[in-house]
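Work through the exercises below with the structure open. Each task is followed by a solution in steps.

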Amino acid sequence: MNVAAVAIPFSTQPFFDQNLRQFIQSPSISKVYVFHSGRYTPQGSKCEGIRTDSITSSATLHRLLTRVPDKYLFFISHSGQIDLGSDTIERFIDVGDETRAGIVYSDYYEIKNGMRSDHPVQDYQLGSIRDNFDFGPFMLLSVSASRAALKKYGTLPRTRHAGLYDLRLKISIDQRLIHIREYLSTCHASDVPLAAEEQFEYVDPKNRRVQKEMEEVAIGYLKHIDAYLKPVFKRVPKTAITFPGLASVVIPVRNRKSTITEAIKSALGQKTDFPFNVIVVDNHSTDGTTEVVGALAGREPALCHIIPKRLDLGIGGCWNEAMTSDRCGKYAVQLDSDDLFADETALAKMVKPFESASLAMVIGAYRLVDMSLREIPPGVIDHKEWTPKNGRNNALRINGLGAPRAFNTALCRTIRFPNVSYGEDYGMVLRLSREYRIGRIYEPLYLCRRWEGNSDASLTIENANRNDSYKDFLRTVEIIARQQMNRKR
């Protein structure tokens, strides 16, 4: 019985015929719509071509959804070879029927360099609004849910890249997105980008247009769910606390013997017209870092070496240790233990905006370099997608917000960082931006050194999923909090 259609991108590569054949031969599939740019000739009565230059454009999706007569649509996003598992098509359809989901997706296997590995994906939650959420090589869309979402929340905006993103968000408002925790297909990943390129792809200048489309879609979604915040901000409350100096450079560290000295010297070498110090929170290092920092602290009065009493602290907990210390200045400026300030003026530039505006936080820009300080692609990461009007809304869509980061110490003593070692700064930005203005500096003030010892280097898929799911959780909490704040208003 035909209950589903398929939409698949055309390719001149040999794998395309194999991909197509698997769907054509299924008795559950009535039609296969092939996206092409003009070079495709339909193969058999089940196939129909749709000419387009973007499979995720709003125009393409509109044409597709008006044609599909079936209950479901398999939307194929993977551009390489896909091997379907046993009864995959039927399993997707059964889960769709049993849950009445708007979208169904599953885990999959991945073949790289001839080796097969598991590629689990994540459960969808309210905060999973980032545009790079991994649904695997394909998803099953409920056609009725898709049409109902567009009827209720408006047709897709005229976008070249963000049409599918917009459709997914609108479906998610009223419908379930179901993750099948089964490995139902295998992707051949010869065309998968390198990890570092993938990580920073969304801030590549050539993708500015894509980013703008995604931002407009995300803002529309936040308005639909009453989580959008207008550009109205509270003033940062004044404090009666007397601080020992105007600023502190805070360096949380664990086992960075090879890089910590350079980081500390970069901080101590800052030239300012105000008093500052450097606080190193040494989280019980075991590689000799403690001895290195201790020796430097014995020679440098401006260096404060803190070893926490607690043994259960993540990076966020180390930040709380620094900020609650009586040695901490009025503003706390971040420096990672394997990075450097770009020059001796960076600290002064980070602190200056606080003195002229009511800001809870200031975020700078950074330059990616190797361990020899040579620039590596994509170079400067400035996050210009953050705008004074819309930055705190767009922050819910993206995974990072830039560095270095500087915080109002008194305010952060009342809010506290999450005690984790990934996403602690992102969580703080979301929380502060909910109520207060965040300052931005788009000049690169920071050198982010990429090397094999980076905490985000060579992450397993399980660890990457854990990190992404945690940030989705932070977004979930923040969206709910913003909805409640809007309702009170």
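The exercises concern salt bridges in this predicted model.

**Exercise 1.** Find the salt bridge partner of R160 and state which parts of the chain the pair ties together.

Solution. Start with the contact: R160 pairs with D53, and their closest N and O atoms are 2.8 Å apart. A salt bridge requires these atoms to be within 4 Å, so the pair qualifies. Next, place the residues: R160 lies in the loop between α4 (143–153) and α5 (163–174), and D53 lies in the loop between β3 (47–51) and α2 (58–67). The pair therefore ties together parts that are 107 residues apart in sequence.

**Exercise 2.** Locate the two residues of the salt bridge between K71 and D97, then classify their exposure.

Solution. The closest N and O atoms of K71 and D97 are 2.8 Å apart. K71 is in the loop between α2 and β4 (72–76), whereas D97 is in helix α3 (residues 88–99), so the pair links distant parts of the chain, 26 residues apart. For exposure, K71 has 47% relative accessibility and counts as partly exposed. D97, with a relative accessible area of 34%, is also partly exposed.

**Exercise 3.** Decide for D370 and for R374, which form a salt bridge: buried or exposed?

Solution. Their closest N and O atoms are 3.0 Å apart. Buried means under 20% relative accessible area, and D370 has 17%, so D370 is buried. Exposed means over 50%, and R374 has 53%, so R374 is exposed.

**Exercise 4.** How many salt bridges does the model have?

Solution. The count comes to 24.

Key:
Residues numbered from 1 in each chain as written. Predicted model: local features only at pLDDT ≥ 70, side-chain atom pairs only at ≥ 80, totals over all residues. Heavy atoms only, no water. Salt bridge = Lys/Arg side-chain N within 4 Å of Asp/Glu carboxyl O. Helix = DSSP H or I, 4+ residues; strand = E, 2+ residues; numbered from the N terminus. Buried < 20%, exposed > 50% of the residue type's maximum accessible area, 1.4 Å probe, protein only.
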